Amino acid sequence: MNPKGLSEKEVLSLLNSARLKDTSYDKVLSAMCTRPHPIAVKAHMQFIESNLGDFGLFSGTKELEEKVIRLMGSLLGCPETYGYITTGGTESNIQALRTARNIAGKKHPNVVIPASAHFSFDKTADLLGIELRKAEMDREFKVDLNSVESLIDNNTVALVGIAGSTEFGQIDPIDELAEITESHELFLHVDAAFGAFVIPFLGKKYDFDFSVDGVASITADPHKMGMSTIPAGGLLFREETCLSPLEVNTPYLTIRAQHSLAGTRSGAAAAAAYAVMMYLGREGYTKIVNRCMGLTERLVEGVRESGVQPLIDPVMNIVALEVPELDRVRKELREKGWFTSITRAPRAMRLIIMPHMSEEAIDEFVSDLGKCIKTI
Ligand code: 0PR
């Protein structure tokens with residue numbers, strides 16, 4: 001560290017040169033995050049010093065967090081939900097399975113997850129000492145229920161279903177998973193980190209949330225399609241008692257107990273999530289999702305003209321494309337400024353059509369992809 005501080009101008013210039021190296025979202029088709037809504041940014045700034053780790057000092061922010069949990073609960077089929085704003089999907093998944101593990105009290109717990117589950121479950125398993133059993137996917141990349149059944153034994157403590165899988169944007173049959181969990185008396189966690197702010201606004205209705213009896217917890221991230229600032233994840237439980245296994249006494253704080261994994265945590269993120277949800281309402285999110293779905297259709301129609309097919313008809317604004325010579329094509333697209341991603345099995349080009357995309361950008365991408373493929 002320098003013995004003396006720099007001027008504000010000097011510091012800002014250091015920041016600017018770093019910021020210039022960051023990628024602007026314009027040609028990013030690989031991210032589940034996007035530019036936050038301006039109202040979220042304003043709220044974030046206003047609450048920048050607020051710490052929900054010691055919410056006795058920040059009772060106004062705490063009220064906003066409670067309200068935002070109820071807003072998400074009402075969106076996801078149950079206004080009376082219990083939970084908190086986490087740092088993201090990873091923390092929510094860890095905490096949901098920590099609850100399930102602690103309630104079950106098994107010596108050698110295992111959890112059955114779909115093979116399509118996000119890698120945050122690998123972290124979760126390692127931290128919690130849980131064995132992960134990965135169930136196969138069917139032809140549409142939904143979890144195969146026979147495979148799930150075959151993996152359950154006396155040490156299974158929970159099943160996980162995905163509503164908006166990271167790679168395919170697919171929705172598992174949550175109602176059928178719920179029947180399995182009920183017959184085996186298991187905890188059912190739904191990872192809707194991405195899907196929670198998409199599925200309720202699609203034209204088609206899906207049973208994926210607390211409207212399905214048996215869903216015990218949901219991961220739902222404002223910092224993905226919720227248009228909020230990072231770090232804002234959501235962890236929701238149907239029953240208040242599910243919070244108890246997470247409770248730790250905090251005798252020297254202004255509060256009696258904490259349920260969060262993080263100690264000190266951002267009140268700004270909770271305020272921002274509240275602000276954007278109040279500002280947009282169902283109408284605002286429906287417009288955003290409609291627009292993303294329109295762009296997704298435009299992209300799929302466009303690439304079909306070059307002979308490229310999606311692995312499945314997109315369910316949400318995530319597409320997996322069967323592209324020949326995938327590595328070379330992705331490399332060439334990268335040279336043209338595009339960030340694309342991949343699916344693992346089968347290997348395909350994975351694209352997420354986030355709100356930062358425009359019609360012009362989609363048309364340019366379709367044309368660039370067509371050119372890269374033609375050179376084969
Ligand atoms: N669950 C699902 C279904 C997810 O897709 C993700 C993240 C998580 C949990 C974990 O969420 P956090 O990253 O908030 O802890 N899915 C994206 C991914 O890993 C996250 C992402 C976001 C990746 C922006 C890249 C990026 O630029 O692909």
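Okay, let's start with one residue: Gly233 sits in strand β7, which covers residues 233–237. Before I go on, keep in mind that this is a predicted model.

So, is Gly233 buried or exposed? Its relative accessibility is 0%, and the cut-off for buried is under 20%, so Gly233 counts as buried. And which residues does Gly233 touch, if we skip those up to four places away in sequence? There's a run from Tyr84 through Ile85, Thr86 and Thr87 to Gly88, then Ser92, and then Ala220, Asp221, Pro222 and His223. For a sense of distance, take Phe365: Gly233 and Phe365 are 132 residues apart in sequence, and their C-alphas are 30 Å apart in space.

Let's zoom out to the domains. The protein chain is divided into domain 1, which is 8–36 + 282–374, and domain 2, which is 38–279. Notice that domain 1 is written as two stretches. The C-alpha centres of the two domains lie 26 Å apart. How many residues are in contact across them? On the domain 1 side it's 28 residues, and they're in contact with 37 residues of domain 2.

Now for the inside. As a rule of thumb, nonpolar side chains in soluble globular proteins tend to be buried together. In this model, the largest nonpolar core has 70 residues. Leu76, Val148, Leu159, Phe194 and Met225 are the ones with the most contacts inside that core. Several elements give two or more residues to this core, including α2 (38–46), α7 (174–184) and β13 (348–352). Which element gives the most? That's α8, with 15 residues. The core also draws at least three residues from each of domain 1 and domain 2.

Let's pick out Leu159 from that list. Leaving aside neighbours within four places in sequence, Leu159 is in contact with Val112, Val148 and Ile152, with Leu177, Ile180 and Thr181, and with Leu186, Phe187, Leu188 and His189. Apart from the big core there's another one, of 24 residues, and Phe365 is among them, along with Val300, Leu321 and Leu351. Yes, that's the Phe365 we paired with Gly233 a minute ago.

Next, pockets. Rolling a probe the size of a water molecule over the atoms shows where empty space is left. The largest pocket has a volume of about 400 Å³. It's lined by 20 residues, and the ones nearest its centre are Lys62, Glu66, Tyr82, Gly83 and Leu243. Helix α3 gives the most to that lining, with four residues. By class, the lining has eight nonpolar, six polar and six charged residues.

Lys62 deserves a closer look. Its place is in helix α3. Why do we call Lys62 buried? Because its relative accessible area is 14%, and buried means under 20%. Not counting residues up to four places away in sequence, Lys62 touches Leu52, Phe55 and Arg265.

Last stop: the second largest pocket, with a volume of about 310 Å³. Of the 20 residues that line this pocket, Ile103, Val157, Glu185, Leu186 and Phe187 are the closest to its centre. Helix α4 provides the largest share of the lining, three residues. And the classes here? Ten nonpolar, five polar and five charged. You may recognise Leu186 and Phe187, since both are among the contacts of Leu159.

That's my tour, thanks for listening!

Technical notes
Residues numbered from 1 in each chain as written. Predicted model: local features only at pLDDT ≥ 70, side-chain atom pairs only at ≥ 80, totals over all residues. Heavy atoms only, no water. 1 Å grid on protein atoms, 1.4 Å probe; cavity = no way out; pocket = protein on both sides within 12 Å on 5 of 7 lines; lining within 4 Å. Points joined across faces, edges and corners; volume = space filled by probe spheres on them. Nonpolar A, V, L, I, M, F, W, Y, C, P; charged D, E, K, R; others polar. Core = buried A, V, L, I, M, F, W, Y, C linked by side-chain atoms within 4.5 Å. Buried < 20%, exposed > 50% of the residue type's maximum accessible area, 1.4 Å probe, protein only. Domains from an automatic or database assignment. Contact = heavy atoms within 4.5 Å.
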